[in-house]
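Got your viewer open? Let's take a walk through this protein together, one selection at a time.

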Amino acid sequence: MEQGGAGRWSDAELHGALARVFGYTAFRPHQIEIVKGILGGHDSLSIMPTGGGKSLCFQLPSHLMDGVCVVISPLISLMKDQVNTLLQMDISAAYINSSLSLQEYRETLREMKQRAVREALASGELDLLYISPERLSAPGFWDALASWPVSFFAVDEAHCISQWGHDFRPDYLALSGLVERFPQCPVAAFTATATPEVERDILSRLGLREPRLIRASFDRPNLFYHVLPQEEPH
């Protein structure tokens, strides 16, 4: 992981990277705060509404840091689309998830051991590797991760680790080993759903170290409810 922390990146430089890589002229609320925390090596839990720009919060620092950001996400149907979009922006990305058959999974690992993906991982040229929690629990995957230059972990849909949450995923419990196995890597957790109980569960189960907590407003000015009385009920 590149050392030097967020202090080596001024706000102007981060805005320049945002424009250069993503084509945006301004950060959304809390995004630059989260990006700086990751660049500074801090664990974090960010509670942001759907559509609040969570992905950019780990995609941008992954592009600025040495090594590969490992993104753990249960949203396997979106991984391929996200990776394709990143590749179009010249951000190096790959994915391994449970949509791959056992043979495809083994072939992917074999390719990672023998060809370009492995070389990109070893050299730090791969920015993002998306994996599903099921693949993280696969035999030998922890050992494979340990051989790669991981810069930080991004845990998407982090409420899935909580048994208080309706989307609880048993495979997410394996994430409790991240901090112990990779003490040098910050862990950035993201969710759009977190009651106080779920929030405490996420912090405890992930073992986040003095985490920065970011709670974005869920007020969406572009959304509103308009209720009209029914004049002639049937």
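Before the first stop, one term: two residues are in contact when they have heavy atoms within 4.5 Å of each other. Keep in mind, too, that this is a predicted model.

**The whole chain**

Start with everything on screen. The protein chain has 10 helices and seven strands. Now think about contacts between residues at least 6 apart in sequence: 77% of them join residues at least 24 apart. Of the 234 residues, 46% count as buried. If you turn on the surface, you're looking at about 12300 Å² of accessible area, and 50% of that belongs to carbon and sulfur atoms.

**Helix 1 and helix 3**

Select residues 11–22, which make up helix 1, and residues 54–64, which make up helix 3. When two helices pack, we describe them by the angle between their axes and the distance between those axes. Here the angle is about 100 degrees and the axes are 11 Å apart. Angles of 65 to 115 degrees count as roughly perpendicular, so helix 1 is roughly perpendicular to helix 3.

Which residues make the contact? Show side chains for Leu14, Ala17, Leu18, Arg20, Val21 and Phe22 on helix 1, then for Leu56, Gln59, Leu60, His63 and Leu64 on helix 3. Colour them by class and you get eight nonpolar, two polar and one charged residues. While you look at helix 1, remember that an α-helix has 3.6 residues a turn, so residues three or four places apart point the same way.

Stay on helix 3 for a moment. How many of its 11 residues are buried? Nine are, so helix 3 is mostly covered. To see them, pick Lys54, Leu56, Cys57, Phe58, Gln59, Leu60, Pro61, Ser62 and Leu64.

**Helix 1 and helix 2**

Next, keep helix 1 and add helix 2, residues 31–39. The axes of helix 1 and helix 2 come within 12 Å and cross at roughly 105 degrees. That makes helix 1 and helix 2 roughly perpendicular to each other as well. On the helix 1 side, click Asp11, Leu14 and His15; they meet Ile32, Val35, Lys36 and Leu39 of helix 2. This contact has four nonpolar, one polar and two charged residues. Did you spot Leu14? Leu14 is in the contact with helix 2 and also in the contact with helix 3.

**Gln31**

Zoom in on Gln31, which lies in helix 2. Is Gln31 buried or exposed? Gln31 is buried, because its relative accessible area is 3% and the cut-off for buried is under 20%. Try drawing a distance from its side chain: a polar atom there lies 2.9 Å from the backbone oxygen of Gly53. Leaving out residues up to four places away in sequence, Gln31 touches Gly52, Gly53, Leu56 and Cys57. Two of those may look familiar: Leu56 and Cys57 are among the buried residues of helix 3.

**Asp43**

Move along to Asp43, in the loop between helix 2 and strand 1 (44–47). Asp43 counts as buried, with 3% relative accessibility. Its side chain has two partners to display. The side chain of Arg209 is joined to the side chain of Asp43 by a polar contact of 2.8 Å. The backbone nitrogen of Val187 lies 2.9 Å from a polar atom of the Asp43 side chain. Setting aside neighbours within four places in sequence, Asp43 is in contact with Cys185, Pro186, Val187, Leu208, Arg209, Glu210, Pro211 and Arg212.

**Two residues with positive phi**

Now for some backbone angles. Most residues other than glycine have a negative phi. His30, in the loop between helix 1 and helix 2, has a phi near 80 degrees, a positive value. His30 is partly exposed, at 29% relative accessible area.

Then select Asp90, in the loop between helix 4 (76–88) and strand 3 (93–96). Asp90 isn't a glycine, yet it has a positive phi of about 65 degrees. With 69% relative accessibility, Asp90 counts as exposed.

**Last stop: Ser77**

Finish in helix 4, at Ser77. Ser77 counts as exposed, at 61% relative accessibility. Select Asn97 too and draw a line between the two C-alpha atoms. Ser77 and Asn97 are 20 residues apart along the chain, and their C-alpha atoms are separated by 9.4 Å.

How values were computed. Residues numbered from 1 in each chain as written. Predicted model: local features only at pLDDT ≥ 70, side-chain atom pairs only at ≥ 80, totals over all residues. Heavy atoms only, no water. Axes fitted to C-alpha atoms, helices over the stretch in contact; angles between N-to-C directions. Helix = DSSP H or I, 4+ residues; strand = E, 2+ residues; numbered from the N terminus. Parallel < 35°, antiparallel > 145°, perpendicular 65-115°, else oblique. Nonpolar A, V, L, I, M, F, W, Y, C, P; charged D, E, K, R; others polar. Buried < 20%, exposed > 50% of the residue type's maximum accessible area, 1.4 Å probe, protein only. Areas by Shrake-Rupley, 256 points an atom, 1.4 Å probe, with all protein chains shown as cover. Polar contact = N/O pair within 3.5 Å; in protein donor to acceptor, adjacent residues only side chain to side chain.
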